[in-house]
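Let's take a walk through a protein model together. Have the 3D view handy and turn it around as you read.

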Amino acid sequence: MRNQRGSVSILSLFIIMVLLVLLAYVTDVARLQAIKIHSRHSLNLALRAASAQIDLEAYNDAENPRLEIKEDDAEAVFYQILRENLSLNTNNEPYAGSAADGRVGVCYFRVIQEGDLPYSYSYGDYSETINRVSCTGIIKVPVRLSPFARFSTGLPEYTYQYVHSTVGPEVKK
């Protein structure tokens, strides 16, 4: 009977260790996914605000009505809203409590006008063709990996999540 108790203790200890490793893995994956979702929402909100910078004179032109986005205004609003939603300073460095663990990079931002359509671009292995007036962007968000994630994957302390989106203005006639 004593031999069996020792076997059960070792087996229980092994199972507890495996469960702790799985818990650490699930926690890391959930954190990375939460940061990616938050970053995507922040990018979408910034692009939505940018695409709302419609040139009303061009839109209400009696002879030639057209949908145009004011590019300078769109870019300024894009950065303002992105910084507010990701809790970044003017250099895109995170404040305490931000989802980002370092300087957020804007890899690509572009306002696509009617004369640009169809507009195609690629960034790394991502490519897109846009067929309507809109704003598009790609951001790079640094994320610090936990010691367990670094040990188990061999990745460096920081990794980057790339998030892209395209948003057009919603106009009702």
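We'll start with the overall layout, go inside, and then come back out to the surface and the charged pairs.

One thing to know up front: this is a predicted model. The chain has 173 residues, and its secondary structure comes to four helices and five strands. If you follow the chain along its sequence, the order you meet is α-α-α-β-β-β-β-α-β. So how spread out is the chain, compared with a compact globule? Its radius of gyration is 24 Å, while the globule rule gives 16 Å for 173 residues, so the chain is more spread out than a compact globule. You can see that in the dimensions too: along its principal axes, the C-alpha trace spans about 95 × 30 × 30 Å.

Helix 1 runs from residue 2 to residue 51, and we'll keep coming back to it. A pair of its residues gives you a feel for distance along the chain. Ala49 sits in helix 1, and Gln33 is 16 residues away from Ala49 in sequence, with 24 Å between their C-alpha atoms. Now compare that with Pro147, which is found in helix 4, residues 147–153. Pro147 and Leu11 are 136 residues apart in sequence, yet their C-alpha atoms are 26 Å apart in space. Leu11 belongs to helix 1. Pro147 itself is exposed, because its relative accessible area of 58% is over the 50% cut-off.

Time to look inside. In soluble globular proteins, nonpolar side chains tend to be buried together. In this chain, 32% of the residues are buried, and the largest nonpolar core has 28 residues. Which residues have the most contacts inside that core? They are Leu47, Phe78, Val104, Phe109, Cys135 and Ile139. Several elements chip in with at least two residues each: helix 1, helix 3 (71–86), strand 1 (105–112), strand 4 (134–144) and strand 5 (158–167). There's also a second, separate core of six residues, and among them are Tyr108, Ile112, Tyr121 and Ile130.

Zoom in on Phe78 for a moment. Leaving aside residues up to four places away in sequence, Phe78 touches Leu43, Ala46, Leu47, Ala50, Val106 and Phe109. Ala49 is worth a click as well. Its relative accessibility is 18%, which counts as buried because the cut-off is under 20%. With those sequence neighbours again left out, Ala49 touches Val77 and Ile81. Contacts that link distant stretches show up across the chain: among contacts between residues at least 6 apart in sequence, 60% join residues at least 24 apart.

Now for the outside. The chain exposes about 11100 Å², and carbon and sulfur atoms supply 55% of that area. Not every nonpolar residue is tucked into a core, either. Leu11, Phe14, Ile15, Val18, Leu19 and Leu22 form a nonpolar patch on the surface, and together they have about 560 Å² of accessible area.

Last stop: the charged pairs. How many salt bridges does a search of the whole structure find? It finds seven. One of the pairs is Arg31 with Asp101, whose side chains meet at 2.8 Å, N to O. This salt bridge ties together distant parts of the chain, since Arg31 is in helix 1 and Asp101 is in the loop between helix 3 and strand 1, 70 residues apart. Arg31 is partly exposed at 35% relative accessibility, and Asp101 is partly exposed too, at 26%.

Another salt bridge joins Glu170 and Arg48, also at 2.8 Å, N to O. Here the partners are 122 residues apart, with Glu170 in the segment after strand 5 and Arg48 in helix 1. Is Glu170 buried or exposed? At 66% relative accessibility, Glu170 counts as exposed, whereas Arg48 is partly exposed at 42%.

Asp73 and Lys70 make a salt bridge as well, and their closest N and O atoms are 3.8 Å apart. Asp73 is partly exposed at 36%, and Lys70 is partly exposed at 37%. Finally, look for Asp61, Arg66 and Glu68, which are linked in a network of salt bridges.

Methods: Residues are numbered from 1 along each chain as its sequence is written. This is a predicted model: local features need pLDDT of at least 70, side-chain atom pairs count only at pLDDT 80 or more; totals for chains, interfaces and linings use all residues. Side-chain values use heavy atoms; hydrogens and water are left out. A nonpolar core is a set of buried Ala, Val, Leu, Ile, Met, Phe, Trp, Tyr and Cys residues joined through side-chain atoms within 4.5 Å. Buried means under 20% relative accessible area, exposed over 50%, partly exposed in between (1.4 Å probe, protein chains only). Contact means heavy atoms within 4.5 Å. Patches are made of residues with over 30% relative accessible area and no salt bridge: like charges are joined within 9 Å, nonpolar side chains (Val, Leu, Ile, Met, Phe, Trp, Tyr) within 5 Å. Accessible areas come from the Shrake-Rupley method with a 1.4 Å probe; for residues, only the protein chains shown count as cover. A salt bridge is a side-chain nitrogen of Lys or Arg within 4 Å of a carboxyl oxygen of Asp or Glu. The radius of gyration is taken over C-alpha atoms; the globule rule is 2.2 Å times the number of residues to the power 0.38.
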